[in-house]
Amino acid sequence: MTSTSTAYDVAAVRADFPALRAGAAHFDGPGGSQVPRQVAHAVAATLTAPIANRGRLTEAERNADDVVLAARAAVADLAGGDPGGVVFGRSMTQLTYDLSRALAAGWGPGDEVVVTRLDHDANVRPWVQAAAARGATVRWADLDPATGELTPEALAAVLSDRTRVVAVTGASNLIGTRPDVPALTALAHEAGALTYVDGVHLTAHAPVDVAALGADVFACSPYKFLGPHLGCVVAAPSLLETLHPDKLLPSTDAVPERFELGTLPYELLAGTTAAVDYLASLGGDDGDRRARLLAGMAAVEAHEDRLRERVEEGVAELPGVTLWSRARHRTPTLLLTWADRPAAEVSRALAGRGVNAPAGSFYAIEASRALGLGDAGGLRVGLAPYSDDDDVDRLLEGLHAATSRA
Ligand SMILES: Cc1ncc(COP(=O)(O)O)c(C=O)c1O
């Protein structure tokens, strides 16, 4: 099947998601997606098969080892990276704290780290605090509140030959902005800095290629792309070899295990592999898993973009509503505010109709403040691979009803 002949069968996709039978229209995917039964089965199968600590002696040891190696291969295929540089942890936040401390170990006064006002706080505060612990300086790349863009010029303005790391998002979980990451990372590399790209939101919505993005470290979270609740990073093993996080004396110093403190959640790793396989299945039958993933994510992107345009057209007819998602290149993640009522009130009204669209700033607190929305943010409408036209109809009806109510 070629990408042009791939018809995206959303009804077949929806049939794989038991949670959808509860009846809600889910626009809450940016906070965490629903899960296909294939992922749940993989988790259960791992927990009910013989399992032990990783090893090659017994079947139970081999099962644990195989699950870890399979998950590294799956995430590497998803991101276009090296399986030997895939690290798993409890969440992207935890991994970013750990890696920021490891990367900052060599910093001192005069060194600089760049963070952005577009990013989720998980790719901001760990760097701010790591810098503070080392006496290093934090420089902020600004978001343009009028356009929602984070431009190469904004980054260039704060780079210097003392910049050690540039932490930037692949896509905003608040307003969907997809900055020109290759341009941003090229500037960072010219300045001699490493790049740490938050791919948590991007990975759920688009094909990803860490090399093309110029991401030295790329972080993502399987629970945003139909998988279970954990986090992962993808980096070159040679880069990970240079970092020395605190670890227990008897635990291995091998990369990537050096960064994985304690016993990994084998069942969630199996679920992660199943989620990656599921996304690959959306790309037809041709080619290896990487090729099918690229086709599958392109199909997801096209499907979600079509629905996003429908939502945007409907929202444009609503009086007194501001749409903050305006960047030229963006994910299907829309932030709305009302001139005459809090977004939380609209979220409550929608929830009463079985339409799940939360209100808040979703930890993208710097972005929310930069837009002038304070800590309250707005109503977030996020599309997912299982979203369909009926969901959009229900959303627009609910928004009309909530907006016209005095
Ligand atoms: C863009 C972005 N980055 C980072 C995170 C944090 O991910 P985790 O929950 O895995 O720590 C989120 C979660 O909402 C996110 O949307």
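**Figure 1. F362 in the loop between β12 and α13.** In this predicted model, F362 sits in the loop that runs between β12 (359–360) and α13 (365–370). F362 is not a glycine, yet its phi is positive, at about 55°. Most residues other than glycine have a negative phi.

**Figure 2. The cis peptide bond between V255 and P256.** V255 and P256 are joined by a cis peptide bond. Its omega is about 10°. Most peptide bonds are trans. P256 belongs to the loop between α9 (237–241) and α10 (266–281).

**Figure 3. The shell of residues around the ligand.** Around the ligand are S91, M92, T93, H120, A122, N173, D198, V200, H201, S221, Y223 and K224. By type, this shell holds 4 nonpolar, 6 polar and 2 charged residues. D198 and K224 are the charged members, because Asp and Lys count as charged.

**Figure 4. Side chains facing the oxygen atoms of the ligand.** Three side chains are shown: H120, Y223 and K224. For Y223, a side-chain N or O atom is 2.5 Å from an oxygen atom of the ligand. For H120, the distance between a side-chain N or O atom and a ligand oxygen is 3.5 Å. For K224, a side-chain N or O atom lies 2.6 Å from an oxygen atom of the ligand. Taken alone, the ligand exposes 390 Å². The protein buries 91% of that area.

**Figure 5. The largest pocket, where the ligand sits.** Which pocket does the ligand take up? The ligand occupies the space of the largest pocket. The volume of this pocket is about 420 Å³. It is lined by 30 residues, and those closest to its centre are P30, H120, V200, Y223 and K224. H120, V200, Y223 and K224 are also among the residues around the ligand. The lining of the largest pocket divides into 15 nonpolar, 11 polar and 4 charged residues.

**Figure 6. The second largest pocket.** This pocket has a volume of about 320 Å³. Its lining is made of 14 residues. Which of them are closest to the centre of the second largest pocket? They are S251, E260, L261, G262 and T263. By type, the lining of the second largest pocket comprises 4 nonpolar, 5 polar and 5 charged residues. E260 is one of the charged residues, because Glu counts as charged.

Methods: Residues numbered from 1 in each chain as written. Predicted model: local features only at pLDDT ≥ 70, side-chain atom pairs only at ≥ 80, totals over all residues. Heavy atoms only, no water. Near = heavy atom within 4 Å. Polar contact = N/O pair within 3.5 Å; in protein donor to acceptor, adjacent residues only side chain to side chain. Areas by Shrake-Rupley, 256 points an atom, 1.4 Å probe, with all protein chains shown as cover. 1 Å grid on protein atoms, 1.4 Å probe; cavity = no way out; pocket = protein on both sides within 12 Å on 5 of 7 lines; lining within 4 Å. Sits in = over half its atoms within 2 Å of the grid points. Points joined across faces, edges and corners; volume = space filled by probe spheres on them. Helix = DSSP H or I, 4+ residues; strand = E, 2+ residues; numbered from the N terminus.
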